[in-house]
Amino acid sequence: MSDRAHHLAKASERFWSKVERKTTEECWLWMGARRQKGYGRFRVEANGHGYAHRFAYELLVDEIPEGMTIDHLCRVPSCVNPAHMEVITASENALRAARSRGVSVSPSALIERLQALYDAGVRDFATRDMKALWESNGLSRQWAQKHLKRLIEAEALGYSGEQQRYLLTKRPAVA
């Protein structure tokens, strides 16, 4: 057994000791350390902590593609049951989270509102107008920041408004 395989086997054993595992229909709750919003925190390697649900998904299902995130279909942040997870884009995840809080908004409407603010000169995601956009639609500050970065990048590349909107809806967020 290679050192890496041995390390992952030990990590897996340590991981499952912190999970309250039930049937596949029920949530498997992470009982270890948690991040501020309730997501499980798990150290796989010496380079830092990751998310417990991501480790579970990759352990039991498949690797998570670059730029993608996990949506908890059960809406329980501490759940590590891969049957309750779906790999999606960060933008889609933010919209689903907003809808789960009772906010009904279409992605194209949000993009139009963001584009209008941008066209009016808003370049800071923390301005009052930008904050109102993301808070009133149940989105996160990170959503506003990522999408505003996309617009700034598109403008720097000389893209038109229509091209900018395309970038907002089709391209993974700029890190």
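Let me begin with a single residue, Lys-18, which counts as partly exposed because its relative accessibility is 31%, and partly exposed here covers the range between the buried limit of under 20% and the exposed limit of over 50%. Please keep in mind, as you look at the structure above, that this is a predicted model.

Lys-18 sits in the loop that runs between helix 1 (3-16) and strand 1 (19-20). On the surface, Lys-18 gathers with Arg-14, Arg-41 and Arg-43 in a patch of positive charge.

Let me now step back to the chain as a whole. Seven helices and six strands make up its list of elements, and if you read along the sequence, they follow the pattern α-β-β-β-β-α-β-β-α-α-α-α-α. The chain has 175 residues, and 35% of them count as buried.

A second surface patch has a nonpolar character: Leu-59, Leu-60 and Val-61 make it, and its area is about 230 Å². Of these residues, Leu-60 belongs to helix 2, which spans residues 52-60, and Leu-60 counts as partly exposed because its relative accessible area is 42%.

Next come the charged pairs. In general, side chains of opposite charge can pair when their charged atoms come close. In this model the count comes to two salt bridges. In one of them, the side chains of Lys-22 and Glu-20 meet, with a distance of 3.2 Å from N to O; Lys-22 is partly exposed, with a relative accessible area of 40%, and Glu-20 is partly exposed as well, at 32%. Arg-75 forms a salt bridge with Asp-71, and there the closest N and O atoms are 2.5 Å apart. What is the relative accessible area of Arg-75? For Arg-75 the value is 36%, so this residue is partly exposed, whereas its partner Asp-71 has 0% relative accessibility and therefore counts as buried.

Finally, I would like us to look at helix 5, which covers residues 128-136, and where Met-130, Leu-133 and Trp-134 are buried. Why do these three lie on the same side of helix 5? They do so because they cover an arc of only 85 degrees around the axis. It may help to recall that an α-helix has 3.6 residues a turn, so residues three or four places apart point the same way. On the other side of helix 5, Arg-128 and Ser-136 are exposed, so if you follow this helix in the structure above, you can look for buried Met-130, Leu-133 and Trp-134 on one side of it.

Conventions: Residues numbered from 1 in each chain as written. Predicted model: local features only at pLDDT ≥ 70, side-chain atom pairs only at ≥ 80, totals over all residues. Heavy atoms only, no water. Buried < 20%, exposed > 50% of the residue type's maximum accessible area, 1.4 Å probe, protein only. Helix = DSSP H or I, 4+ residues; strand = E, 2+ residues; numbered from the N terminus. Arc of directions from axis to C-beta. Patch = residues over 30% accessible without salt bridge, like charges linked within 9 Å, V, L, I, M, F, W, Y side chains within 5 Å. Areas by Shrake-Rupley, 256 points an atom, 1.4 Å probe, with all protein chains shown as cover. Salt bridge = Lys/Arg side-chain N within 4 Å of Asp/Glu carboxyl O. Lys, Arg positive; Asp, Glu negative; His and termini not counted. Charge placed at Lys NZ, Arg CZ, Asp CG, Glu CD.
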